[in-house]
Amino acid sequence: MDIKRTILWLVFSLSLLLLWDHWMLANGRPSLFSPAPTQKTVNAQSSNVSNTSAVPSVSPAAISNSNAAAITNNAADAATPAKGEIVTITTDVFKADIDTLGGQLKRLELLKHKEGNTHKWYEPFMEYVGLKKPNVKNNVVLFDAAHHYIAQTGLINASGALDVPNHKSLFTVQPGSRNLDKENALQLVLVSEKNGVKLTKIYTFKRSDYNIELKHIVSNGNAVAITPSLYLQLQHDGNTPEGGSQFFGTATTTSPVVYTDAEKYQKLDFKKIDQGKDAHASKADNGWVAIIQHFFVSAFIPADKAQREIYTKKIDTNSYAIGNILPLGTIAPGASVSMDAHLYSGPQESALLEKIAPGLELVKDYGWLTIIAKPIFWLMDQIHKMLGNWGWTIIIFTIFIKLLFFPLSAAGYRSMAKMKVLSPKMQAIRERHKSDPQKMNQAMLELYRSEKANPMGGCLPILVQMPVFIALYWVLQASVEMRNAPWLGWIQDLAAPDPLFILPILMAISMFVQTKLNPAPPDPMQAKMMMIMPLVFSAMFFFFPSGLVLYYVVNNILSIAQQWVITNKIENSKSTSKK
């Protein structure tokens with residue numbers, strides 16, 4: 001029994017260690033298991049050059065030969081780069097910088113989301129007690145040149161006879177409002193014409209909406225018909241977070257993603273794109289492409305039922321692209337064709353993502369325990385709608401989970417209480433048969449049978465809570481809803497560690513009390529290990545999200561109350577029976 005219980009605690013400890021390592025990575029700290037990567041971010045100047053020359057390109061296997069030829073012809077534009085101006089659009093949720101060179105969305109600042117905690121672990125405490133000025137948190141920036149992170153669109157002429165406007169062409173800006181004041185929507189109209197082909201881009205920004213509508217109108221001013229295609233492309237560098245760990249199957253939380261109804265959600269890897277080994281859906285009439293990162297996503301969503309070719313591409317050193325090519329059909333002389341699309345760029349909020357496009361909510365990655373984590377978040381979201389505070393939501397959720405598993409955990413605690421009462425008899429058997437292990441095991445089994453005790457029953461509470469504990473960790477890690485969400489007093493961000501370490505200390509105390517309620521291991525070394533574990537775990541919980549520690553503290557307090565009542569009841573019944 002003692003060996004099995006030790007193994008169980010070791011598994012639990014390893015789970016905590018892996019979660020701790022992942023939490024450290026998510027906050028830019030070194031991994032415990034691998035060195036920091038040598039790859040460095042390309043500076044902003046070099047990224048600007050790369051982005052202006054990066055014409056979308058896909059392998060011949062993914063697109064027709066005529067499209068490939070057209071892309072090659074467009075590449076000649078890189079020899080004579082033009083210079084554009086930046087147009088800034090401000091709404092209530094973001095500030096967008098659009099370059100008239102190509103009509104590219106080159107910077108997007110989210111006005112309602114602040115950067116996470118990137119300072120040293122002890123600085124929140126110093127800030128709270130007034131020993132250090134609080135760090136000023138900047139707004140989260142998604143699209144930015146420093147990371148090659150840009151949204152680009154343009155035309156490809158399938159015949160290759162004419163160069164057509166693309167994301168390197170100079171656009172003119174139509175007059176209009178640049179700030180969303182009292183209006184509920186505003187438009188930015190950009191126009192570029194080349195060789196008789198006019199491309200009009202219309203960005204539509206709406207109040208309290210991260211979903212940007214993007215219309216392309218292609219007009220043919222030539223005497224002959226043309227057969228152009230529209231491309232929608234996202235660029236990003238391939239950098240991994242500092243201290244990337246190999247324990248989690250991927251070296252980065254930033255990845256390109258493809259979704260189609262047929263192939264479903266496909267998370268790609270920049271390294272495989274670099275090696276030409278990426279595999280994903282190549283053709284569809286539905287779905288979307290995206291770049292995902294921790295808490296946020298940018299996705300190009302073409303019109304449904306529009307035929308498209310899906311591609312990934314290495315553009316330059318440490319610069320990659322993912323996108324769609326949408327054929328516009330034949331455009332007769334003097335005719336025009338339009339194509340609608342959406343660009344969602346914002347937080348991974350489940351309620352928002354589900355309304356934008358089918359499958360977009362899948363970018364919210366709960367890890368391998370998604371089957372448990374999704375119902376957990378749904379339940380917590382329903383509780384939060386009533387309470388309006390994520391801290392109290394976690395407490396009510398913990399009570400609900402405790403009630404749900406009450407019969408099972410009660411059975412486990414009854415078993416532990418019986419084992420505690422039987423400890424003197426078990427010790428006597430060990431002393432009596434210490435020279436004959438076979439007889440000792442046989443006597444132990446007879447004792448368990450006569451007393452109706454299960455030596456493994458005490459493991460049930462740990463086994464029951466482990467999947468919920470790990471799934472809740474992923475919920476807290478993946479849910480932007482709890483990012484910067486306050487509880488009360490000193491806890492102002494449930495997704496960040498406790499700045500005063502109060503919850504980890506309460507966690508250690510509660511674990512110590514639980515250890516005292518459990519039957520003591522007969523081996524003195526095991527007994528010492530069980531007493532040290534609360535200190536080890538509390539040290540690890542110093543770096544865990546305070547929301548997760550809050551869950552565990554409340555769970556431990558409820559467990560202590562339940563175990564104390566059951567243990568006293570069984571001990572009293574044993575005392576009464578002796579009398």
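## A helix pair and some loop residues in a predicted model

At 14% relative accessibility, Asp 144 falls below the 20% limit and therefore counts as buried. Keep in mind as you look around that this is a predicted model. Asp 144 sits in the loop that links strand S4 (139-141) to strand S5 (150-157). Which residues does Asp 144 touch, once its neighbours within four places in sequence are set aside? They are Lys 106, Arg 107 and Tyr 149. Leu 105 is 39 residues away from Asp 144 along the chain, yet their C-alpha atoms are separated by 8.9 Å.

**Two more buried residues**

Thr 100 is another loop residue, placed between strand S2 (94-99) and strand S3 (104-114). Its relative accessibility is 3%, so Thr 100 counts as buried. Leaving out neighbours within four places in sequence, the contacts of Thr 100 are Gly 84, Glu 85, Val 87, Ser 169, Leu 170, Phe 171, Val 173 and Leu 190.

Asn 324, by contrast, belongs to a strand, S17 (residues 319-327). Is Asn 324 buried or exposed? It is buried, with a relative accessible area of 1%. With neighbours within four places in sequence again left out, Asn 324 is in contact with Leu 230, Tyr 231, Leu 232, Val 289, Phe 300, Pro 302, Arg 308, Glu 309, Ile 310 and Tyr 311.

**Helices H7 and H8**

Now let us turn to a pair of helices. H7 covers residues 370-387, and its 18 residues should span 26 Å at 1.5 Å a residue; the end C-alpha atoms are 25 Å apart, which agrees. H8 (residues 390-404) has 15 residues and reaches 20 Å between its first and last C-alpha, close to the expected 21 Å.

Between the two helices, Gly 388 comes just after H7 and has a positive phi of about 75°. Asn 389 then caps the N-terminal end of H8, with a side-chain oxygen 2.8 Å from the backbone nitrogen of Gly 391.

How do the two helices meet? Their axes come within 9 Å and cross at roughly 125°, which makes H7 oblique to H8. The crossing is right-handed. On the H7 side, the contact is made by Ile 376, Phe 377, Leu 379, Met 380, Asp 381, Ile 383, His 384 and Leu 387, and on the H8 side by Trp 390, Trp 392, Thr 393, Ile 394, Ile 396, Phe 397 and Phe 400.

The buried residues of H7 are Ala 373, Ile 376, Phe 377, Leu 379, Met 380, Ile 383 and His 384. In H8, the buried residues are Trp 390, Gly 391, Thr 393, Ile 394, Ile 395, Phe 397, Thr 398, Ile 401 and Lys 402. As a reminder when reading such lists, an α-helix has 3.6 residues a turn, so residues three or four places apart point the same way.

**Positive phi outside glycine**

Most residues other than glycine have a negative phi. Two loop residues with positive values are set side by side here.

| Residue | Phi | Loop between | Relative accessible area |
|---|---|---|---|
| Phe 295 | near 80° | strand S14 (288-293) and strand S15 (296-302) | 9%, buried |
| Asn 484 | near 65° | helix H12 (460-478) and helix H13 (502-517) | 26%, partly exposed |

Phe 295 is buried because its 9% lies under the 20% limit, whereas Asn 484, at 26%, counts as partly exposed.

How values were computed
Residues are numbered from 1 along each chain as its sequence is written. This is a predicted model: local features need pLDDT of at least 70, side-chain atom pairs count only at pLDDT 80 or more; totals for chains, interfaces and linings use all residues. Side-chain values use heavy atoms; hydrogens and water are left out. Helices (H or I, at least four residues) and strands (E, at least two) are DSSP runs, numbered from the N terminus. The expected span of a helix is 1.5 Å times one less than its number of residues. Buried means under 20% relative accessible area, exposed over 50%, partly exposed in between (1.4 Å probe, protein chains only). A polar contact is a pair of N or O atoms within 3.5 Å; within protein, one must be able to donate a hydrogen and the other to accept it, and residues adjacent in sequence count only if both atoms are side-chain atoms. Axes are lines fitted to C-alpha atoms, for helices over the stretch in contact, and angles run from 0 to 180 degrees between N-to-C directions. Angles under 35 degrees count as roughly parallel, over 145 as roughly antiparallel, 65 to 115 as roughly perpendicular and the rest as oblique. A crossing is left-handed if the near helix is turned anticlockwise from the far one by less than a right angle, and right-handed if clockwise. Contact means heavy atoms within 4.5 Å.
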